[in-house]
Amino acid sequence: MTMLNRSSPNAVPQTALTDPEIRLLDHLVKDRGRDCSRRGTLSHYVVKIARLGGYLARANDPPPGNTVIWRGLSRLTDIELGAAIEATIMGN
């Protein structure tokens with residue numbers, strides 16, 4: 001995902017993420033900044049995933065690397081699994 005983001009940052013997020021993952025990221029990680037042009041792109045969601053993995057996303061920080069993306073994806077997968085279990089148990 002890191003390399004895909006570097007080669008085509010303006011790709012649609014569905015290139016690498018499912019719709020439930022995109023909805024979860026929108027709910028969990030609030031948008032920061034005023035860069036409206038990047039919203040709805042793969043680059044925007046990669047930064048959200050990286051923030052789940054501990055990336056601070058400061059102005060002068062380099063782009064997120066493989067380790068922080070891996071941590072964020074691992075956490076996102078756990079959250080997605082928990083949400084699916086909750087929906088099954090609660091019947092929603």
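**Helix H3 and its surroundings: group meeting talk**

I would like to begin at the surface, where Leu-81, Ile-85, Ile-89 and Met-90 together make a nonpolar patch of about 440 Å². Please keep in mind throughout that this is a predicted model. One of the residues in that patch, Ile-85, belongs to helix H4, and with a relative accessible area of 44% Ile-85 is partly exposed.

From there I will turn to helix H3. How many of the 11 residues of helix H3 are buried? The count is 9 of the 11, for a helix that spans residues 42-52, and so H3 is largely enclosed by the rest of the structure. If you would like to follow along in the model, the buried residues are Leu-42, Ser-43, His-44, Tyr-45, Val-46, Lys-48, Ile-49, Ala-50 and Leu-52. Against what do the buried residues of H3 pack? Their partners are three helices, namely H1, which covers residues 2-7, H2, which covers 19-28, and H4, which covers 66-90. Just after H3 ends, there is also a backbone detail to point out, in that Gly-54 adopts a positive phi of about 110°.

Let me take the pairing of H3 with H4 in a little more detail. The axes of these two helices lie 7 Å apart and the packing angle is about 80°; since angles from 65 to 115 degrees count as roughly perpendicular, H3 and H4 are therefore roughly perpendicular to each other. On the H3 side the residues that take part are Val-46, Ile-49, Ala-50 and Leu-52, and on the H4 side they meet Val-68, Ile-69, Gly-72, Leu-73, Arg-75 and Leu-76.

The start of the chain comes into this region as well. Met-1 sits in the segment before H1 and, at 28% relative accessibility, counts as partly exposed. Leaving aside residues up to four places away in sequence, Met-1 touches Ala-16, Leu-17, Val-46, Ile-49, Ile-69 and Leu-73; of these, Val-46 and Ile-49 are in H3, while Ile-69 and Leu-73 are in H4. Met-1 and Leu-42, although 41 residues apart in sequence, have their C-alpha atoms 9.1 Å apart in space.

That brings me to the charged side chains. As general background, side chains of opposite charge can pair when their charged atoms come close, and in this structure there are 4 salt bridges. One of them joins the side chains of Lys-48 and Asp-26, with an N to O distance of 3.0 Å. Because Lys-48 lies in helix H3 and Asp-26 in helix H2, this pair ties together parts that are 22 residues apart in sequence. The two partners also differ in their burial, for Lys-48 is buried at a relative accessible area of 3%, whereas Asp-26 is partly exposed at 35%.

A further salt bridge is formed by Asp-31 and Arg-39, whose closest N and O atoms are 3.2 Å apart. Here Asp-31 is partly exposed, at 38% relative accessible area, and Arg-39 is likewise partly exposed, at 33%. Which residues are linked in a network of salt bridges? The network takes in Asp-26, Asp-31, Arg-39 and Lys-48, and so it includes the buried lysine of H3 that I have just described.

Finally, Arg-58 and Asp-61 meet through their side chains in a salt bridge at 3.2 Å, N to O, and Arg-58 is exposed, with a relative accessible area of 52%.

Methods. Residues are numbered from 1 along each chain as its sequence is written. This is a predicted model: local features need pLDDT of at least 70, side-chain atom pairs count only at pLDDT 80 or more; totals for chains, interfaces and linings use all residues. Side-chain values use heavy atoms; hydrogens and water are left out. Buried means under 20% relative accessible area, exposed over 50%, partly exposed in between (1.4 Å probe, protein chains only). Helices (H or I, at least four residues) and strands (E, at least two) are DSSP runs, numbered from the N terminus. Contact means heavy atoms within 4.5 Å. Patches are made of residues with over 30% relative accessible area and no salt bridge: like charges are joined within 9 Å, nonpolar side chains (Val, Leu, Ile, Met, Phe, Trp, Tyr) within 5 Å. Accessible areas come from the Shrake-Rupley method with a 1.4 Å probe; for residues, only the protein chains shown count as cover. Axes are lines fitted to C-alpha atoms, for helices over the stretch in contact, and angles run from 0 to 180 degrees between N-to-C directions. Angles under 35 degrees count as roughly parallel, over 145 as roughly antiparallel, 65 to 115 as roughly perpendicular and the rest as oblique.
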